[in-house]
Amino acid sequence: MAGLTGKDAVLSAYAEALANAPKGRSLTQDALRRLVNNKAALVSIFILVAIVLFALVGPYLLPWSFDKIDWAGIRKPPDWEKGHYFGTDQNGRDMLARTLQGTQMSLIVAAVATAVSVVIGVVYGAIAGYFGGRVDALMMRFVDIMYALPYILFVIILVVIFGRSPVLLFVGIGFLEWLTMARIVRGQTLTLKQREFIEAAKAGGAGPFTIIFRHILPNLTGPVVIYATLTIPEIIVTESFLSYLGLGVQEPQTSLGTLISFGAPVAEALPWMLYTPAFILVLMLVCLSYVGDGLRDALDPKDR
Amino acid sequence: MLGYALRRVLSAIPIVFITIAVCFFILRLAPGGPFDGERALPPDVLRNLREYYNLDKPLPLQFVDYILGVLRGDFGPSMVMRDFSVARLISIGLPFTLMLGFAAFAIGTAAGLIAGALAAFYQNKWPDYLLVFVVLIPLVIPNFLMANLAQLVFGVYLRWLPVGGYQPGAILNLVMPVLILSMPHGARVARLTRGSMIEVLGTNYVRTARSKGLGTRLILARHAIKPALIPVVSYLGPGLSYLLTGSLVVEQVFALPGIGKYFITAALNRDYGLVLGTTILYVFIILALNLLVDIVYAWLDPKVRYR
Amino acid sequence: MTNVLVVDDLDVTFALHQAEVKAVSDLSFSLAAGETMAVVGESGSGKSQAFLAIMGLLARNGRAAGRAMLGEVDLIGMPGDRLDAYRGKDIAMIFQDPMTSLNPSLKVRTQLAEVLVRHQGFAPDKAGRAVIEMLERVGIPEPVKRASAYPHELSGGMRQRVMIAMALLCRPKILIADEPTTALDVTVQAQMLELFKTLTDEFGTALVLITHDLGVVAGVADRMMVMYGGRCVETGTVDELFYDPRHPYTLGLLHSTPHVAKRAQRLDPIQGLPPSLERLPSGCAFHPRCAFRFETCFAERPQLLPVDGGARGRACWYQGSLKHEEVA
């Protein structure tokens with residue numbers, strides 16, 4: 001499900017620019033300034049913040065919680081008087097509350113999985129880049145192989161074997177999403193390694209891991225932030241797909257994918273059950289895509 | 001060129017082997033299995049089952065047996081669909097999945113190339129803006145949702161096309177699955193083609209070609225297309241993997257008899273024999289197609305061969 | 001001698017995000033058959049853009065106005081498909097960077113032969129033979145083998161020779177060479193200039209040599225045109241301009257070119273930077289860097305006027321002699 005935002009290309013271009021410009025920080029600031037000037041990206045960020053806030057705070061403001069059954073209102077269309085603003089499902093649970101809960105779950109999965117993939121990718125890439133030579137060649141060959149393999153199959157196998165807990169879902173997805181991050185970090189590390197401050201640290205007797213963690217990683221903030229922005233939508237899609245197959249988040253917990261998989265078969269009779277979660281999912285993905293495009297343009301102004 | 005191709009083929013063999021090994025051991029060592037039902041089975045039944053499925057020997061021996069079997073085209077028996085061997089199930093599902101995948105690949109690639117090239121040619125005019133917008137749709141709406149929505153609109157509301165299922169010869173049943181599968185692929189190809197074509201049209205060598213008075217058609221056909229295709233072709237490898245994994249979705253939503261459907265059913269039922277067999281097959285197909293793409297790439301970009 | 005190219009009031013403008021930028025203004029000159037004219041100026045002086053405009057090769061946002069008469073036809077504003085009848089046949093161009101100006105995915109033979117097929121109607125095999133012959137003429141060893149090579153298999157000098165061969169295949173009336181030696185080693189540069197001289201003499205081709213290097217001009221060109229800020233500021237024969245420059249900018253250029261400057265006894269770079277075309281100075285564009293400036297220079301732009309009633313021209317308000325008032 002990768003390639004939604006073409007992050008490999010964006011990040012490589014950015015990393016190249018970082019490597020060529022000695023003042024990496026001002027490059028990132030420049031890009032941020034251009035991003036803020038991009039209206040579509042700015043509106044998208046605003047909508048995303050609103051969705052996140054509403055998903056986190058909203059459930060406390062609604063009259064119904066996501067797992068509470070309203071015996072008087074089963075399979076009902078939106079009804080403002082009763083407080084079912086988006087209708088109810090076959091079990092009489094409030095769709096808005098469920099959608100908010102599902103959004104929350106999708107966001108948490110995306111955040112945790114992205115964090116896992118960042119950690120793995122950074123550590124792997126930094127080690128490969130720092131030690132270089134044969135270690136690097138071997139480690140990067142492994143990444144190339146992994147790139148060629150259909151990773152969704154492995155996620156499914158992992159989920160099947162280790163049960164269907166959301167935690168595993170986070171880790172499993174993150175475990176297979178780190179490849180791009182590793183490539184970028186390796187490239188950056190190779191460049192940073194040549195710099196004087198690393199030489200100075202070495203001369204001062206610092207070991208390789210001290211150098212990696214204290215001197216190289218802090219210089220990777222820019223790429224990591226961008227990588228995360230571009231990875232989150234991919235993971236949201238992956239999670240919703242797995243949940244749609246019944247391999248992801250389980251009842252009574254729910255996620256956008258789970259909700260869609262329950263809504264789809266009954267969409268003719270109870271359309272609100274499909275369209276409510278589908279709308280939120282697509283809205284988030286559209287916004288994230290505009291933010292991603294905005295980032296790409298901000299980082300690579302010659303593209304226009 | 002031939003030597004290059006041969007080198008690439010040889011380097012792919014260990015990858016297949018390692019993948020088989022990793023999947024095999026993960027699945028064998030996993031807790032739980034297809035025989036952990038609601039009721040515990042009597043010990044002797046379990047022993048017979050383990051013997052039948054070759055699970056009683058030491059693990060390394062099982063692995064050797066399995067590899068030898070795979071080399072003969074025998075993937076062992078299915079553990080859930082008891083009367084079928086994995087090879088038999090694959091031989092039913094594979095042709096269908098390949099047909100679905102290649103049809104979507106052909107349609108998506110062709111449409112993407114044409115649309116992308118047109119957009120590049122009319123850069124910043126209305127055909128370009130239209131394409132950039134249209135291409136966004138399949139990229140932001142996940143495939144499974146798109147499939148569901150298409151089912152609703154064309155199958156349920158409009159009743160133009162069947163909602164799902166497939167019998168041999170039912171071409172109409174394939175229209176929606178193939179188009180849905182081809183859309184994200186076509187969109188990515190179109191984006192890439194547009195970008196690389198714009199870049200190539202601005203290069204010095206295209207300017208040289210214009211200075212020679214060759215005419216637009218010849219410049220596009222001889223000078224621009226080949227280099228513009230390089231990034232597109234290098235995408236086709238990963239693109240094929242996305243298509244195959246996308247076929248998981250489409251086969252599931254439209255209830256089509258391909259290996260993707262078998263894979264998911266097997267995964268849900270913990271049918272490890274079938275999971276292993278279909279995974280190996282997927283990996284093999286994807287590596288083979290990637291190899292093909294690499295060789296085409298070497299033909300497009302003469303510099304690659306000398307690395 | 002007849003003129004092969006007459007340019008009249010050529011303007012080149014580029015549409016940028018906010019504003020329009022004028023890269024070339026009111027450029028007029030003529031080029032006689034077989035002569036060699038050098039066009040000299042710093043980067044951003046509009047020298048390349050003027051000739052790209054004549055070839056119809058401006059970037060998408062570029063626009064040309066004025067006239068450029070190739071015999072009876074005006075090249076400016078002519079649609080691309082009609083231009084193609086002249087480009088590569090009567091008027092050819094060589095670009096600065098031979099590394100990127102040849103198509104990396106096509107063999108040398110293909111890239112050369114297509115010119116003959118297009119303009120002379122040669123059959124492919126006949127074109128192939130003519131290509132080998134031409135490669136030999138431009139001094140490429142083993143031309144048969146090189147013809148089947150891809151550009152990346154050739155050295156920079158070799159590639160520029162291929163470019164020259166490509167441009168001369170149809171024996172054009174005019175050859176425009178845009179900084180043809182800049183990207184090459186110094187040792188190769190001299191050979192390349194020699195090659196230009198012999199081949200254009202032999203084919204009777206008029207050569208326009210665009211360069212920022214007066215050292216290149218000295219041995220090769222008959223006439224030269226000095227450009228600054230998109231305008232011609234001085235023009236005349238090479239001897240006239242070298243021994244008796246009448247524009248302070250020409251004088252400055254001479255002083256900043258090592259082996260030409262020997263006559264002036266010292267190397268004396270021009271102060272300041274070339275102007276940005278987006279914000280050209282008022283009056284004479286050169287005045288901020290000029291040692292001879294006075295009030296008029298700030299306010300009014302000097303016209304290109306004949307000097308001594310001859311073929312020379314210059315655009316400068318200063319009337320005194322430049323020789324005795326060199327400024328440190």
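This talk describes the cores, sheets and aromatic contacts of a predicted model.

Good morning. I shall begin with chain A. This chain contains 13 helices and zero strands, and 52% of its 304 residues count as buried. Among its contacts with a separation of 6 or more, 72% involve residues that are 24 or more positions apart.

Let me turn to the nonpolar cores. Which residues have the most contacts inside the largest nonpolar core? They are A:Ile156, B:Leu145 and B:Leu248, in a core of 131 residues. Helix 11 of chain B, residues 272-300, supplies the largest share of this core, with 14 residues. If we leave aside residues up to four places away in sequence, A:Ile156 touches A:Leu242, A:Leu245 and A:Leu247 in chain A, and B:Leu248, B:Phe263 and B:Ala267 in chain B. Another core lies apart from this one. It has 81 residues, including C:Leu52, C:Ile76, C:Ile132 and C:Ile210.

That brings us to the sheets of chain C. An open sheet of eight strands follows the order 6-7-8-3-9-10-12-11, and its pairing is mixed. Strand 6 (91-94) and strand 11 (305-306) of chain C each have a single partner strand, so each of these edge strands has one side without a neighbour in the sheet. Towards one end of the strand order, strand 10 (residues 231-237) and strand 12 (residues 313-314) of chain C pair in the antiparallel sense over two bridges. In this pairing C:Thr235 stands opposite C:Gly313 of strand 12.

Two helices of chain C that pack on this sheet deserve mention. Helix 1, residues 47-54, touches strand 3 (36-40), strand 6, strand 7 (174-178), strand 8 (206-211) and strand 9 (223-228) of chain C. The direction of helix 1 makes about 140 degrees with that of strand 8. Helix 11 of chain C, residues 248-255, touches strand 3, strand 9 and strand 10, and its direction makes about 105 degrees with that of strand 9.

I would like to look at strand 8 of chain C in more detail. Why is strand 8 of chain C largely enclosed by the rest of the structure? Six of its six residues are buried, and therefore the strand is largely enclosed. Both of its faces are covered: C:Ala206, C:Val208 and C:Ile210 are buried on one side, and C:Leu207, C:Leu209 and C:Thr211 on the other. Strand 8 pairs in the parallel sense with strand 3 over five bridges, and C:Leu207 is the bridge partner of C:Thr36. With strand 7 of chain C, strand 8 also pairs in the parallel sense over five bridges, and here C:Ala177 stands opposite C:Leu209. C:Ile210, in turn, is among the residues of the 81-residue core.

Chain C also has an open sheet of four strands, in the order 2-1-4-5, with antiparallel pairing. Strand 2 (20-32) and strand 5 (73-74) of chain C are at the edges, each with a single partner strand, so one side of each lacks a neighbour in the sheet. Strand 1, residues 3-15, pairs with strand 2 in the antiparallel sense over nine bridges, and C:Asn3 has C:Ala32 as its bridge partner. Helix 1 of chain C packs on this sheet as well, touching strand 1, strand 2 and strand 4 (62-70). Its direction makes about 110 degrees with that of strand 1.

My last topic is the aromatic residues. Over all chains, a search of the whole structure finds 17 aromatic pairs. In one of them, the ring centres of B:Phe25 and B:Phe63 are 5.1 Å apart and the planes are at 40 degrees, so the pair is tilted. B:Phe25 lies in helix 1 (residues 2-29) of chain B and B:Phe63 in helix 3 (residues 59-71), so the pair ties together parts 38 residues apart in sequence. B:Phe25 is partly exposed, at 27% relative accessible area, whereas B:Phe63 counts as buried at 11%.

B:Phe263 and B:Tyr282 form an edge-to-face pair, with 6.4 Å from centre to centre and 85 degrees between the planes. This pair links helix 10 (residues 259-269) and helix 11 of chain B across 19 residues. Both B:Phe263 and B:Tyr282 are buried, and B:Phe263 is one of the residues that A:Ile156 touches.

Ring pairs also join B:Phe17, B:Phe24, B:Phe25, B:Phe63 and B:Tyr66 into a cluster. Finally, in chain C, the charged end of C:Lys126 sits over the ring of C:Phe122, 4.1 Å from its centre.

Note on methods. Residues are numbered from 1 along each chain as its sequence is written. Chains are lettered from A and ligands numbered from 1 in the order in which they are written. This is a predicted model: local features need pLDDT of at least 70, side-chain atom pairs count only at pLDDT 80 or more; totals for chains, interfaces and linings use all residues. Side-chain values use heavy atoms; hydrogens and water are left out. A nonpolar core is a set of buried Ala, Val, Leu, Ile, Met, Phe, Trp, Tyr and Cys residues joined through side-chain atoms within 4.5 Å. Buried means under 20% relative accessible area, exposed over 50%, partly exposed in between (1.4 Å probe, protein chains only). Contact means heavy atoms within 4.5 Å. Two strands pair if DSSP finds at least two bridges between them. Axes are lines fitted to C-alpha atoms, for helices over the stretch in contact, and angles run from 0 to 180 degrees between N-to-C directions. Rings of Phe, Tyr and Trp (its six-membered ring) pair if their centres lie within 6.5 Å; planes under 30 degrees apart count as stacked, over 60 as edge-to-face and the rest as tilted. A charge sits over a ring if NZ of Lys or CZ of Arg is within 6 Å of the ring centre and within 35 degrees of the ring normal.
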